[in-house]
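Me: Hey, could you walk me through this protein? I'm new to this, so plain words please.

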Amino acid sequence: MGVRVGKSAEQTLGRVAAGVLCAASVASPVFALELSAANAPPYAFVLGTATLADSERDASDDIGFGGQVGFGVPVFTWLTVEASYFGTRFNSDAPTDFSQRAWGVDWVVNFGGRDVLTPFVLFGGGRVKNDVSPDALDDSGPFVNLGAGFTGGLTVPWLRYRGEARLLHDSYLNDRQDFRIGFGVEVVLGDLPERPAPPAVIETVKIVEVPAPPPSDQDGDGVVDQFDRCPDTLKGVTVDGFGCVVKAQTVELRDVTFEFNSSTLTPNGRSVLEPAVRFLLSQPALRAEVAGHTDSVGSEAYNLKLSRARAESVREYLISRGVAPSVLRSVGYGEAQPIASNDTEEGRALNRRVELKLLGER
C-alpha cells in the first residue's frame, strides 16, 4: 500500500517549509559557529534511493528504486544550498514500466559541522517529469519536498557518509505524494578548512621537597643509632640519653613457654629469649635476676619448686648463648607474687610468667 497525504498536501508542505525556514533563521545563533559566510568547501553527493509510491500511481510494486546526484554550497556554517537531480523507476501493471525524473533546489539547515555526525533538515522544490504509459499521461510539473537526514566524516578526510528521508509532493494528476529514502556519500570539493593547531604544551618543572627520612632507631628505645651506646635494648626497658639502663627495673619476658608440667624450654621459648640475649651481651656489666612465677593451681611447695626450676632453665639458656654466669642469678617465687586474680583463666595465664629484673651494673 502506498503513501497518501491528502488533496491539500501542496499547500500544507509549503506552509511547513516556510515554518522551517523561519525557525532556522531564529535558531541559527544557537547552533551556528558564526553568522558570516561559511569557510567550508562545496561538495557533491551521490545517493541510492528507494521510493514508496503513492497508491494512486498504480505501481505493481509499492517501492521503486533509483538514484540522486547533487551539489551543495555552504552559505553559512549552519545553512547550505543544494541543487540535485534524481530519477526513479516503478514497476507498472501497464505494458511498460514508468519513471520519474526531476531536478530541484533545497535549503539544508545543519545542526553541526558535517565532519562529525550531524543531523540536518531540508526543504525545497523543483520540476518533475512523470513518464508513464500510455504516453498521453506523461506530465511535467512542479514539486515540493521536505526531509531530514544526517551526515558525518569517514576516515578519508574528503569523504562523508549521508542518509536522508524525504516526503515529496508533485502536482501530477491532481497531486501525488511519495516517500523516498536515500543512502550514499558526499565528496568534498576543494581544500578543507585548516584545523586549529593544538595548544602548545608548556613543560613545567615542579620542585617537590622530599622530607628526610627519620633517623634510624633499630632497637626502638628512643635513642637514635648514631648516639646509642647500648644497642639491642630489650623492649620495655627504660634507658638514658645514650640508650643504656639507668635504674633497677623489671621487664617481663613475654611468651616464654615450657613443656607441660616441666622446666624444659620449648623451641619457641628459646627463640623468644634471643632479644634478651642480645640485650645482655650489649651491656656486659649489667647484673640481672631471672625470676620465675606460677599461678595458684597445685600446692604452694610444688609451685615454688617449679618456678625455681624454670627460672634456672632460662638462666642456663642465656649463659649457653654467651652471657657471663657472674651477672645472672635465678630465683623462683612460686605463687607468692601474682599480678592478676587466680580466680580466672586469664588471670592465671598472666601469673605464669618469667621476668628479668635488672639490678644495675656490678
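**A first look**

Reply: Sure. The protein has 362 residues, and 39% of them count as buried. Buried means under 20% relative accessible area, exposed means over 50%, and partly exposed is in between (1.4 Å probe, protein chains only). This is a predicted model, where local features need pLDDT of at least 70, side-chain atom pairs count only at pLDDT 80 or more, and totals for chains, interfaces and linings use all residues. Residues are numbered from 1 along each chain as its sequence is written, and side-chain values use heavy atoms, with hydrogens and water left out.

Me: How many helices and strands are there in the protein?

Reply: The count is 5 helices and 12 strands. These are DSSP runs numbered from the N terminus: helices are H or I with at least four residues, and strands are E with at least two.

Me: And what share of the contacts comes from residues 24 or more positions apart?

Reply: Among contacts with a separation of 6 or more, 60% are between residues 24 or more positions apart. Contact here means heavy atoms within 4.5 Å.

Me: Ok, helices. What does α4 reach from its first C-alpha to its last?

Reply: Helix α4 covers residues 300–320, which is 21 residues, and reaches 30 Å. That is close to the 30 Å expected at 1.5 Å a residue, where the expected span is 1.5 Å times one less than the number of residues.

Me: Which residues in α4 are buried?

Reply: Among them are Leu306, Ala311, Val314, Tyr317 and Leu318, and also Asn303, Arg310 and Arg315. The cover over the buried residues of α4 includes α2 (267–272), α3 (274–282), β10 (286–293), β11 (328–332) and β12 (353–361).

Me: What follows α4?

Reply: Gly322 does, and its phi is positive, near 115°.

Me: Which residues have the most contacts inside the largest nonpolar core?

Reply: Phe279, Val314, Leu318 and Leu356, in a core of 28 residues. A nonpolar core is a set of buried Ala, Val, Leu, Ile, Met, Phe, Trp, Tyr and Cys residues joined through side-chain atoms within 4.5 Å. The elements giving two or more residues to this core are α3, β10, α4 and β12.

Me: Is that a usual sort of thing to find?

Reply: In soluble globular proteins, nonpolar side chains tend to be buried together.

Me: Back to Phe279, what does Phe279 touch?

Reply: Leaving out residues up to four places away in sequence, its contacts include Asp232, Leu234, Val245, Leu286, Leu356 and Leu358. Phe279 is one of the buried residues in α3, along with Glu274, Ala276, Val277 and Leu280. The buried residues of α3 pack against α2, β10, α4, β11 and β12.

Me: Asp232 came up there. Where is Asp232?

Reply: Asp232 sits in the loop between β8 (176–188) and β9 (249–252). Its phi is near 65°, a positive value in a residue other than glycine. Most residues other than glycine have a negative phi.

Me: Is Asp232 buried or exposed?

Reply: Asp232 counts as partly exposed because its relative accessibility is 36%. Beyond neighbours within four places in sequence, Asp232 is in contact with Asp219, Pro275, Arg278, Phe279 and Ser282. The C-alpha atoms of Asp232 and Asp219 are 5.2 Å apart, with their positions 13 residues apart along the chain.

Me: New topic: which other residue has a positive phi?

Reply: Arg114 has a phi near 70°, also in a residue other than glycine. Arg114 is in the loop between β4 (98–110) and β5 (118–131). Arg114 counts as buried because its relative accessible area is 5%.

Me: How many residues apart in sequence are Gly153 and Arg114?

Reply: They are 39 residues apart in sequence and 7.0 Å apart in space, C-alpha to C-alpha. Gly153 belongs to strand β6 (residues 139–153). Not counting residues up to four places away in sequence, Gly153 touches Arg114, Asp115, Val116, Leu159, Arg160 and Tyr161.

Me: Last one: how do the residues lining the second largest pocket divide?

Reply: They divide into 6 nonpolar, 3 polar and 6 charged. Here Ala, Val, Leu, Ile, Met, Phe, Trp, Tyr, Cys and Pro count as nonpolar, Asp, Glu, Lys and Arg as charged, and the others, Gly among them, as polar.
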